[in-house]
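Colleague: Got a minute to go through this one with me? I would like to start with the folds and then look at the packing.

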Amino acid sequence: MGYDKALEALADPTRRALFERLGKTPSSVGELAAAFPISQPAVSQHLRVLREAELVRVKKEGTRRIYQVNDRGLSALRAYLDSFWQDVLTAFGESASKHSGGTPNDSTTD
Amino acid sequence: MIQQQTKRPLPPLVKTITVPLSVEHAFRRFTEEIATWWPLETHSVGEKNAETVTFECKTSGQIFETLKSGKTSLWGTVQEWEPPNRVVFSWHPGGEPDTATEVEITFSDRDGKTEVVMTHSGWETFGEKAEETRGRYDKGWDDVLGKYVG
């Protein structure tokens with residue numbers, strides 16, 4: 001369902017765990033690979049997906065590249081869900097109004 | 001509580017609408033008659049290839065979309081079925097059940113009309129859902145650190 005990029009990225013349990021860790025502790029690829037039972041290339045691949053979804057970003061500390069949570073992606077996700085449910089409830093409301101108009105005694109129909 | 005430790009950058013999403021129907025009718029329309037109003041062309045997995053949507057009205061009932069090809073796509077599963085005032089279902093269209101968020105819809109009488117409140121939660125706090133996973137990972141992390149500290 002045009003599920004937003006950010007939700008798609010977080011749908012993978014490993015990516016979600018990586019994302020969560022970065023929320024608590026900004027880390028390098030090496031640190032993540034040490035903390036998770038997956039290889040460094042696999043960590044890099046997951047981080048690429050999270051970056052594309054704007055959920056994480058990189059900060060350079062000297063020669064180290066530290067990954068951290070990017071709040072922009074989360075805000076975009078919220079905006080997406082907000083408009084999604086707004087559309088759904090609006091459709092429901094319009095349908096209900098029409099239905100009500102067509103059958104004034106709707107509360108007694110069954 | 002765990003919640004105090006969890007980063008909560010975004011609260012659950014809450015939407016409200018009042019419709020000119022009785023509570024019973026609004027509830028039925030939202031659930032059993034969902035196919036008559038859900039904006040499938042834009043709000044579905046298949047979009048233009050989506051044929052219909054079904055809401056199985058019972059606890060553990062499934063909410064799913066049927067594509068024109070006949071294939072189905074599960075959106076979620078009813079967790080709490082309390083007609084005509086409340087329904088709670090898991091929500092993971094386009095994703096796997098273990099990645100579900102949660103939607104609660106309540107229906108309350110407001111002078112003959114019905115106020116419908118939708119609360120979508122779980123999506124902003126993946127941390128709580130991943131708590132078990134993280135517990136395992138955290139232990140692994142401690143083991144690693146322990147080697148250096150020790």
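Modeller: What follows goes through chain A, its core and then chain B, and the model is a predicted one.

Colleague: Fine. What does the secondary structure of chain A come to?

Modeller: Chain A has five helices and two strands. Read from the N terminus, the elements go α-α-α-α-β-β-α.

Colleague: How do strands E1 and E2 of chain A run, and how many bridges join them?

Modeller: They are antiparallel, with six bridges between E1(A), residues 56–61, and E2(A), residues 64–69. To pick one pair, Arg57(A) has Gln68(A) in E2(A) as its bridge partner.

Colleague: And what sits between E1(A) and E2(A)?

Modeller: Two residues, which makes the pair a hairpin. Gly62(A) is in that turn and has a positive phi of about 65°.

Colleague: Moving to the inside. Which residues touch the most other members of the largest nonpolar core?

Modeller: That core has 23 residues, and the ones with the most contacts to other members are Ala6(A), Leu18(A), Phe19(A), Leu50(A), Leu55(A) and Val56(A). At least two residues each come from helices H1 (5–10), H2 (13–24), H3 (29–35), H4 (40–52) and H5 (71–102) of chain A, and from E2 of that chain.

Colleague: Leu50(A), then. What does it touch, leaving out residues up to four places away in sequence?

Modeller: Leu50(A) contacts Ala9(A), Arg15(A), Leu18(A), Phe19(A), Leu55(A) and Val56(A). Another core, of 19 residues, lies apart from the one in which Leu50(A) sits. Its members include Val23(B), Ala26(B), Ile63(B) and Val87(B).

Colleague: Back to the helices for a second. At what angle do the axes of H2(A) and H4(A) cross?

Modeller: Roughly 75°, and the axes come within 10 Å. H2(A) is therefore roughly perpendicular to H4(A).

Colleague: Which residues meet there?

Modeller: From H2(A), Thr14(A), Arg15(A), Leu18(A) and Phe19(A); from H4(A), His46(A), Val49(A) and Leu50(A). By type, the contact has four nonpolar residues, two polar and one charged.

Colleague: How much of chain A is buried?

Modeller: Buried residues are 32% of its 110 residues. For contacts in chain A between residues at least 6 apart in sequence, 45% link residues at least 24 apart.

Colleague: And what are the same figures for chain B?

Modeller: In chain B, 29% of the 150 residues are buried. With contacts between residues at least 6 apart in sequence, 34% join residues at least 24 apart.

Colleague: What is chain B built from?

Modeller: Four helices and seven strands, in the order α-β-α-β-β-β-β-β-β-α-α from the N terminus.

Colleague: In what order do the seven strands lie in the sheet?

Modeller: E1-E7-E6-E5-E4-E3-E2 of chain B, in an open sheet with antiparallel pairing. E1 (13–19) and E2 (50–55) of chain B are at the edges with a single partner strand each, so each has one side without a neighbour in the sheet. From one strand to the next, the twist averages 20°.

Colleague: Give me one strand pair. How many bridges do E3 and E4 of chain B have?

Modeller: Five, linking residues 62–67 of E3(B) to residues 72–82 of E4(B) in the antiparallel sense. Gln62(B) is partnered by Thr77(B) in E4(B).

Colleague: Last one: which strands does helix H2 of chain B touch?

Modeller: H2(B), residues 23–30, packs on the sheet and touches E1, E6 (101–110) and E7 (113–121) of chain B. The direction of H2(B) makes about 155° with that of E6(B).

Methods:
Residues are numbered from 1 along each chain as its sequence is written. Chains are lettered from A and ligands numbered from 1 in the order in which they are written. This is a predicted model: local features need pLDDT of at least 70, side-chain atom pairs count only at pLDDT 80 or more; totals for chains, interfaces and linings use all residues. Two strands pair if DSSP finds at least two bridges between them. A nonpolar core is a set of buried Ala, Val, Leu, Ile, Met, Phe, Trp, Tyr and Cys residues joined through C-beta atoms within 7 Å. A residue is buried if 20 or more other C-beta atoms lie within 10 Å of its own, exposed if 12 or fewer, and partly exposed in between; C-beta atoms are placed from the backbone. Two residues are in contact if their C-beta atoms, placed from the backbone, lie within 7 Å. Axes are lines fitted to C-alpha atoms, for helices over the stretch in contact, and angles run from 0 to 180 degrees between N-to-C directions. Angles under 35 degrees count as roughly parallel, over 145 as roughly antiparallel, 65 to 115 as roughly perpendicular and the rest as oblique. Ala, Val, Leu, Ile, Met, Phe, Trp, Tyr, Cys and Pro count as nonpolar, Asp, Glu, Lys and Arg as charged, and the others, Gly among them, as polar.
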